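Please open the model in your viewer and keep the sequence panel beside it. The stops below each begin with something to select and then say what is there.

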Amino acid sequence: MTQRRFLFLGLLGTSLIACTALLGTSGDPPAAPRATPASTRAPELAEAASATPKGTLVICEDDPWLLALAVPASAHAGPGTPWVLVAEVDSSLDAEVAQLDPKVCLTLGRSQDPEVVLPPSAQAQRHLLGSDPATGSYRLAAAVWKQSPKVVVARVKEVAAVLQASALAASEGSPLLLFTPGRAPELRQACATLGATAATFVGTTPPPAGLLGPKVALRHLTPEQAPLEFAKRLRAAGPVYALSVAETPRTNEGGPAWLGPLYALARRAPLVLLPTARTAKDSGSARVEAAVAPIASACGPALRSLLVLGDEVQVSQGRLAAAPGSQDSDEFEVRVEPYSLPPSLDTIPTLGVGRIPWASLPLGSRILLRSIARARLVRAPPRAWIAANPRPDHAPLPLCEVVARTTAHELANHRVAVDGFFGEPIHAGAPQLALLRAQLVVFEGHSNDAYVFPQQAPATRDSLQEFLESPGPHE
């Protein structure tokens, strides 16, 4: 059991979720180390201090279809970096909005606006879209785009199509129009109002004949073809460094998959959607590998990271037998993230993998925003706190220490300052002081060694000795 835990903890360190989600390295070109500027103020701090209002912020209610509409709107509505936040009823966004200081701020609600205080300098646009997704999409397109020669259309009930259509619409600056069967006249009227002459329909089956009328050229893409098209467009503009994978939610179901279009827009990352697993056989990691492979190949050789949107049940981990054929092989079988296994000659290179497992859209949107707009939100150079193998005198974990040291070096290569503590206690003194200034905390070790936050570590005893002293027969 000890060796299995040893290997699991060591390989766990290869996942850089905190790096990709909090520090914003995922999807960016690899950065070579550079000399520290002569000025004592970091460039990002200087930029944030002198920044004038810029960027477009879209704040929407906690509703999946509103988020799908918010992503294309954020790409179109104003200048600068697009930002999207999902409002939570019991959590204030006022401080983050004030720090972002956006030039344009859109709020999207169903029957009332999200309760957020907007900076007086922001150009505020408030849109109430009602409870019907299709009608709401038409209202938003007419209000924000007014005129658009291109549109992207998807059926309301096809969640995979809506997610892929949202990403495609954002990539080309077009509105997303949602369609409910039996209401084609409303959709045609929306296209006529926008002056649309071309449309991309994303759906499992082709659109009904004459859906948009003879004046609109209609192209059909399946949800499986859409990310390939997205990757093709991205590569025409430059290298693709990242992609994401999520399980397709059921209709009227939330979850982190709805953040896929936002990540696609912010990090130029195609979204791979898995079909909903209906049996235990379907939920294995093989289906993840099979779904990711063609999209990853389309992204090209620059691809280096994969963001997993979902927990280990939704987007399964693989299993690696470190000692196959051994009678004790189960002691060496470990779980690994998809596409983080060592590559073979006939597979794509191993990717750095991160994971956002939270089902809360508000929380997930804030994590991604912290990555996208870190300089404006944190207003400090990135700093990581990394500790490993805190008790080398008892149950040492040298492999964890190697992994942690390698991670620290890689972060330093990306100009992230690192406070590293390897092979020493972390519950007091310098490690605790360093925690106060860290934006990222990484711990590698046994769970009962993780005395990170208490002022003093609780008293511990040797587990074997405790077992032998306990009442009852011992074999």
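In which strand is the place of Ala199? Select Ala199 and you will find it in strand S7, residues 198–202, where strands are DSSP runs of E with at least two residues, helices are DSSP runs of H or I with at least four, and both are numbered from the N terminus. Before going further, note that this is a predicted model, in which local features need pLDDT of at least 70 and side-chain atom pairs count only at pLDDT 80 or more, while totals for chains, interfaces and linings use all residues. Residues are numbered from 1 along each chain as its sequence is written, and side-chain values use heavy atoms, with hydrogens and water left out.

**Stop one: around Ala199**

Ala199 counts as buried because its relative accessible area is 4%; buried means under 20% relative accessible area, exposed means over 50%, and partly exposed lies in between, with a 1.4 Å probe and protein chains only. Now add Val151, Leu212, Val216, Ala217, Leu218 and Arg219 to the selection, since Ala199 touches these residues when those up to four places away in sequence are not counted, a contact being heavy atoms within 4.5 Å. For one of these partners, Leu212, the C-alpha atom is separated from that of Ala199 by 8.5 Å, and the two residues are 13 apart along the chain.

**Stop two: the whole chain**

Zoom out to the protein chain, which has 16 helices and 17 strands. The chain has 475 residues, of which 48% count as buried. Among the contacts with a separation of 6 or more, 70% are accounted for by residues 24 or more positions apart.

Colour the chain by pLDDT, the predictor's confidence in each residue on a scale from 0 to 100: the mean is 80, and 76% of the residues reach 70 or more. Over residues 1–51 the pLDDT is below 50, although this stretch has 113 contacts in the model beyond near neighbours in sequence.

**Stop three: helix H4 and a cavity**

Select helix H4, residues 64–76, which is mostly covered, with eleven of its 13 residues buried. The buried residues include Trp65, Leu66, Leu67 and Leu69.

Keep Leu69 selected and add Ser137, Leu140, Ala141, Trp145 and Leu176, which together with Leu69 line the second largest cavity. On a 1 Å grid over the protein atoms alone, a cavity is a set of points where a 1.4 Å probe fits but cannot get out, and lining residues have an atom within 4 Å of a point. The structure holds two cavities of 30 Å³ or more, and the second largest contains about 30 Å³ of space, a volume being the space filled by probe spheres set on grid points that are joined across faces, edges and corners. Which helix supplies the largest share of this lining? Helix H6, residues 133–145, contributes four residues.

**Stop four: from Asn389 to Glu424**

Move to Asn389, in the loop between strand S15 (383–388) and H14. Most residues other than glycine have a negative phi. Asn389, however, has a positive phi of about 50° although it is not a glycine, and at 6% relative accessibility it counts as buried.

Next select Glu401, whose place is in helix H14, residues 398–413. Is Glu401 buried or exposed? Glu401 counts as buried because its relative accessibility is 16%. Leaving out residues up to four places away in sequence, Glu401 touches Ala388, Asn389, Phe422 and Gly423.

Glu424, in the loop between strand S16 (417–422) and helix H15 (430–435), counts as partly exposed at 32% relative accessibility. Glu424 touches Asn389 and Pro390, again not counting residues up to four places away in sequence; Glu424 and Pro390 are 34 residues apart in sequence and 4.7 Å apart in space, C-alpha to C-alpha.

**Stop five: Ala417 and Arg268**

Ala417 lies in strand S16 and counts as partly exposed at 29% relative accessibility. From Ala417 to Pro382 the C-alpha to C-alpha spacing is 6.4 Å, and the two are 35 residues apart in sequence.

Finish at Arg268, in the loop between helix H10 (260–267) and strand S10 (271–274). Phi of Arg268 is near 50°, a positive value in a residue other than glycine, and Arg268 counts as partly exposed at 28% relative accessibility.

Conventions. On a 1 Å grid over the protein atoms alone, a cavity is a set of points where a 1.4 Å probe fits but cannot get out, and a pocket is an open set with protein on both sides within 12 Å along at least five of seven lines; lining residues have an atom within 4 Å of a point.
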